[in-house]
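Biologist: Hi! I'm new to this one, could you walk me through it?
Modeller: Happy to, let's have a look together.

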Amino acid sequence: MKKITLITLFSALFLFSGITLAGQTGKKPELLTKETFKQKIWNYEASPNEFKYLGDKPCLIDLYADWCGWCKKIAPFIEELGNTYAKEIYVYKINTDKQKELQALFQAQGLPTVIFIPMKGQPTAIRGAQSKEKYDQLIQQLLLEK
């Protein structure tokens, strides 16, 4: 009787674990604050006149606000592309309602604004919602140089 109970218990745990894993969509983009931005992207206080990217691979930064409908629309695209290109780029998000200084740094007047930061060169800001295919094309062109 104990064998049957244990087998049933392990089967249920295995089945439950499988359902949980199947429901996961992958890694979510990291949310940046002023401090993490200065550590991972650019310490603009130390070098205010010269952009010096601190990352070890290119990155994409999604500037958004919780109230922004278009931001919500592109969020799944950004997450999917972040998972697709996880070995080649970093994907970050900045909540502009909580990080006004970072919003001003990129002069992000309208939302969403997506920033593409290559290993060499200057960031490129794309304002307004785009299709998943357009973001994919921009990642390849601006970050991966394909």
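Biologist: Let me start with one residue: where is Tyr-85 placed?
Modeller: Tyr-85 sits in the loop between helix 3 (69-84) and strand 3 (90-95). Keep in mind that this is a predicted model.

Biologist: Is Tyr-85 buried or exposed there?
Modeller: Tyr-85 counts as buried, because its relative accessible area is 8% and the cut-off for buried is under 20%.

Biologist: And which residues is Tyr-85 in contact with, leaving aside its neighbours within four places in sequence?
Modeller: With those left aside, Tyr-85 touches Asp-136, Ile-139, Gln-140 and Leu-144. Take Asp-136: it is 51 residues away from Tyr-85 in sequence, and the two C-alpha atoms are 9.5 Å apart.

Biologist: Some of those numbers belong to a helix, I guess. What does helix 5 pack on?
Modeller: Helix 5 covers residues 132-143 and packs on the sheet, where it touches strand 2, strand 4 and strand 5. The direction of helix 5 makes about 30° with that of strand 4.

Biologist: Which residues of helix 5 are buried?
Modeller: Tyr-135, Leu-138, Ile-139 and Leu-143 are buried in helix 5. Looking down the helix axis, the buried residues of helix 5 fall within an arc of 105°, so they line one face of the helix. Their cover includes strand 2, helix 3, strand 4 and strand 5.

Biologist: How far apart are the end C-alpha atoms of helix 5?
Modeller: They are 16 Å apart. That agrees with expectation, because the 12 residues of helix 5 should span 16 Å at 1.5 Å a residue. Just after helix 5, Glu-145 has a positive phi of about 50°.

Biologist: Let's switch to the sheet. In what order do the strands come?
Modeller: The sheet is open and has five strands in the order 1-3-2-4-5, with mixed pairing. Strand 1 (30-31) and strand 5 are at the edges with a single partner strand each, so one side of each has no neighbour in the sheet.

Biologist: In which sense do strand 1 and strand 3 pair?
Modeller: They pair in the parallel sense, over two bridges. One residue to look at is Leu-31, whose bridge partner in strand 3 is Lys-93. Helix 3 also packs on the sheet, touching strand 2, strand 3 and strand 4, and its direction makes about 160° with that of strand 2.

Biologist: How about the other edge: how many residues lie between strand 4 and strand 5 in their hairpin?
Modeller: Six residues lie between them, and Gly-121 in the turn has a positive phi of about 100°. Strand 4 (residues 113-117) and strand 5 (residues 124-127) pair in the antiparallel sense over four bridges. In that pairing, Thr-113 is opposite Arg-127 of strand 5.

Biologist: I also spotted Asp-62. Which strand does Asp-62 lie in?
Modeller: Asp-62 is part of strand 2 (residues 59-64). Asp-62 counts as buried because its relative accessibility is 0%. Beyond its neighbours within four places in sequence, the contacts of Asp-62 include Tyr-92, Lys-93 and Ile-94, and also Pro-112, Thr-113 and Val-114. Ile-74 and Ile-78 are also among the residues in contact with Asp-62.

Biologist: One last topic, the cysteines. How many disulfides are there?
Modeller: The count is zero, going by pairs of cysteine sulfur atoms within 2.5 Å.

Biologist: And Cys-71, is that one buried or exposed?
Modeller: Cys-71 counts as buried, since its relative accessibility is 3%. Cys-59 is buried too, with a relative accessible area of 0%.

Notes
Residues are numbered from 1 along each chain as its sequence is written. This is a predicted model: local features need pLDDT of at least 70, side-chain atom pairs count only at pLDDT 80 or more; totals for chains, interfaces and linings use all residues. Side-chain values use heavy atoms; hydrogens and water are left out. Two strands pair if DSSP finds at least two bridges between them. Buried means under 20% relative accessible area, exposed over 50%, partly exposed in between (1.4 Å probe, protein chains only). Contact means heavy atoms within 4.5 Å. Axes are lines fitted to C-alpha atoms, for helices over the stretch in contact, and angles run from 0 to 180 degrees between N-to-C directions. The expected span of a helix is 1.5 Å times one less than its number of residues. The arc is that of the directions from the helix axis to the C-beta atoms.
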